[in-house]
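Reader: I would like to go through this structure and ask what lies behind each label. Please show it first.

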Amino acid sequence: MSSELPVLVTDGRGLTSAQVSERVAAGLTNEVPDLRSRSLSDIVRKNTLTYFNLLIGTLWVLMLLSAPLIDSLFGLVIVVNTGIGIIQEWRAARTLSRLSVIGQARPLVRRDGVEVPVASAELVQDDVILLVTGDQVLVDGEVLESIGLEVDESLLTGEADPVHMRVGDPAMSGSFVVAGSGTLRATRVGAASYAAGLTAQARQFSTTKSELAASIQRFIKLVSYLLAPLAVLLFISQYNANDGRVRDAIAGTVPGIVTMVPEGLVLLTSIAMALSVMRLARQRTLVQEMAAVEVLARVDVVCVDKTGTLTAPGMHLRHVEVLDPTAPVSEALAALGAAEPDPNPTLAAVVAAYPAQQGWTATSTVPFSSARKWSAATFEDHGSFVLGAPELLLGIHDPARGQADESASTGARVLVLARSATPLTAGSAPADLQALALVVIDQQLRPDAARTVAYFLEQGVTVKVISGDNPVTVGAVAAEAGIPAAGAPVDARTLPEDPLQLEEVVEGSNVFGRVTPAQKRAMVSALQRRGHTVAMTGDGVNDVLALKDADLGIAMGSGAAATKAVAQVVLLDSQFSVLPSVVAEGRRVLGNVERVSDLFLTKSFYAMTLSITTVVLAMPFPFLNRHLTLVTAFTIGIPSFFLALMPNTARFRAGFFRRVIVFALPAGVLCAVAAYATYGIVLLDDEGIQSARAAAALTLFTVTWWVLVQVARPWNALRLLICGAMVVGFASVVMLPFLNHLFALTLDADRPTFIALGVGAVGCVAISVLRFVVARWREPAPALAAGTS
């Protein structure tokens, strides 16, 4: 259909409202599916159409046909749990959807001769889009105007060098502007654009890796392999043990299979993640990938940019130190500011102090870029002037260098204004520069910066400052914020190119200045090769590459559109002080999911052990399904929901699957052995199978409740209250006539009860010993363990 619409935009004036309407009607908009958003139908499908739900649903139907209704109670529990999961995830999805609109890029377009901001999806083919430094190119297009426009395409092509854009050059969606400004006519939008064609592949490549999800999936796969053969063997065993009665065989098979399934763990993990995202949203923190919550808990190095992170937004001119009294310093500063259509915060401070004046006409300009660290312009009848970093523009023996370092040591940003008779090029600064003045810019440390840094240090997280500013300036600000070893900043121009040597320097130092965007990326990779989980914060276009490669990219809401596009987390209010609560939220989720995983996997392992033992001994299954439903509800289902939402500040460590298995497997075996011991002893006393099953259920509850008590460590009043409430709940069922009859758990002060409690006590001692042994192996260092309360 696009061929039917003539290209009417050639002069950069923009489309008319009628032309926009034509293109919207033709479907030539930039609307593409957001792979991060989730519809209600997607959430319902994900929570209901699962392998385990299909399995449990089938078993539920069989139990409804083969046993009393009370033995099918487990099916209602699954329905309720699934409903809770759908509601919580839908609430989280709606919260994120509302929040993402706030952080969404709104490009400026020219329509009807007026510049107006529109949503990305509202762009249409042939729109004229205005581009400035930090903008992401949202559609494919043709450059109409270029004022030193430079575009970084490294996220698309891997090419690190910026591309100088001239009028008529094509620009690809997914690239971002690193210098200059210009306009672009949209030629391909929506699914037809270059970036949209790569979206599925790129998003898949960049999706945050989740060790937690991988570990749970590994266990689910293990259980899946065991379920089918165990189910067949258990059915044959129960068929023979019940003299060929099919209904009784089904009633004896289903409890072991259902209990083996850790469906609640998957559900609870999803709910915990969703609630975490909602809590972070209330703090104006947008989580763009759910798995980022997990990475928050694993972070052990936070790399921060100085400007906008440690320092407050905005700058102001402290003073100008004139080096050549005969030079037109004020006029030159005013002219340089006026020559830059989109000044960065530093130049904006100069513009505020030196408004534009008449009589200075720029004939050529070189806009500022993070890689160059200077900007310049040639003025008719006045020559060329350069404004930028003294250490890059002046010789090492120039007296102005020493004066600049002295001012930088106070934490100020220092620029040099210099003049040149040489024509300007974007590649390198003129060689014959004459220093005219030093421009000193004040930056204010955020009031909460020192407190935030102190929090990270207490939690065992290393904070590294990686900045493009003067190393002396960076060191002064870092020292004020409390960064260790800030007095020995590293000048990134001296960093080795050898990867191993770079790793040594980056590992051993905490403050770096004059870092280029490519170096930031290399430093993040060096830390990752050393085994660190790295979070990178940033707000400028120079941070994009490092944010993309970090394990967790955190962008400031006030930052460039490109940084917010690649980050997994966006701090919408740009408050550095939010980071501790963001990290704490991740630790809460992961620490507590590991805690309740001990419970769920213990259940799976004792169900496996019970089933295998029953097959080997060819005995009737030792429990009715209602027994296991009751025991698991009071020792796992109900308490795990509360435990998963409690505070937990311990840093998540690699090896989740191994740590959980080391405790859950032997604990599950001990629970099963204790229950089967009671079952066998009572049967040998000729007390009858109903009495033996009731006694075995009491033993199983006793031992698994003690597992709950051990998992709830370190104890506090609330956790002990939860554990105590579970005993009261179970005791109520046993003691109230209606309930104990319904659940077939009539227990008197007789021999089977005393046997059950005695064997249960022995099982509790065994669990305590196991906990002691395992804790010595898997507990973190004392400094971190102290934070798990």
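The exchange below takes up labels used for this predicted model and the values behind them.

Reader: Start with the overall picture. What makes up the protein?
Author: The protein has 29 helices and 21 strands. Its C-alpha atoms fill a box of roughly 115 × 65 × 40 Å along the principal axes. Of the 789 residues, 55% are buried. The exposed surface is about 32,200 Å², and carbon and sulfur atoms supply 61% of it.

Reader: How many positive and negative side chains are there?
Author: There are 59 positive and 68 negative side chains. The centres of the two sets lie 9 Å apart.

Reader: Why is Thr563 called buried?
Author: Buried means under 20% relative accessible area. Thr563 has 0%, so Thr563 counts as buried. Thr563 lies in helix H21, residues 561-566. Beyond its sequence neighbours up to four places away, Thr563 touches Asp539, Gly540, Val541, Val544, Leu547 and Ala555.

Reader: Why is Thr346 called buried?
Author: The value for Thr346 is 7%. The cut-off is under 20%, so Thr346 is buried. Thr346 sits in helix H13, residues 345-353.

Reader: Which residues does Thr346 contact?
Author: Leaving aside neighbours within four places in sequence, the contacts are Met315, Arg413, Leu415 and Ile441. The C-alpha atoms of Thr346 and Leu317 are separated by 8.7 Å, with these positions 29 residues apart along the chain.

Reader: Arg413 came up there. What makes Arg413 and Asp469 a salt bridge?
Author: The criterion is a side-chain nitrogen of Lys or Arg within 4 Å of a carboxyl oxygen of Asp or Glu. The closest N and O atoms of Arg413 and Asp469 are 2.8 Å apart, so the pair qualifies. This pair links distant parts of the chain, 56 residues apart. Arg413 is in strand E14, and Asp469 is in the loop between strand E16 and helix H17. Both Arg413 and Asp469 are buried.

Reader: What makes Arg521 and Asp549 a salt bridge?
Author: Their closest N and O atoms are 2.6 Å apart. The limit is 4 Å, so this pair is a salt bridge too. Arg521 is in helix H19 and Asp549 in helix H20, 28 residues apart.

Reader: Are Arg521 and Asp549 buried, partly exposed or exposed, and why?
Author: Partly exposed covers the range between buried, under 20%, and exposed, over 50%. Arg521 has 25%, so Arg521 is partly exposed. Asp549 has 26%, so Asp549 is partly exposed as well.

Reader: How many salt bridges does the structure hold?
Author: The structure holds 29. One of them joins Asp126 and Arg23, with the closest N and O atoms 2.8 Å apart. Asp126 is in the loop between strands E2 and E3, while Arg23 is in helix H1, 103 residues apart. Asp126 and Arg23 are both buried.

Reader: Finally, the surface. Which residues make the nonpolar patch?
Author: Val80, Ile84, Ile638, Phe641 and Phe642 make a patch of about 400 Å². Helices H4 and H23 each give two or more residues. H23 gives the most, with 3 residues.

Reader: How do you know that Ile84 is accessible enough for the patch?
Author: Patch residues need over 30% relative accessible area. Ile84, in helix H4, has 33%, so Ile84 passes. With that value between 20% and 50%, Ile84 is called partly exposed.

Methods: Residues are numbered from 1 along each chain as its sequence is written. This is a predicted model: local features need pLDDT of at least 70, side-chain atom pairs count only at pLDDT 80 or more; totals for chains, interfaces and linings use all residues. Side-chain values use heavy atoms; hydrogens and water are left out. Patches are made of residues with over 30% relative accessible area and no salt bridge: like charges are joined within 9 Å, nonpolar side chains (Val, Leu, Ile, Met, Phe, Trp, Tyr) within 5 Å. Accessible areas come from the Shrake-Rupley method with a 1.4 Å probe; for residues, only the protein chains shown count as cover. Helices (H or I, at least four residues) and strands (E, at least two) are DSSP runs, numbered from the N terminus. Buried means under 20% relative accessible area, exposed over 50%, partly exposed in between (1.4 Å probe, protein chains only). Lys and Arg count as positive and Asp and Glu as negative; His and the chain ends are not counted. The place of a charge is taken as NZ of Lys, CZ of Arg, CG of Asp or CD of Glu. Contact means heavy atoms within 4.5 Å.
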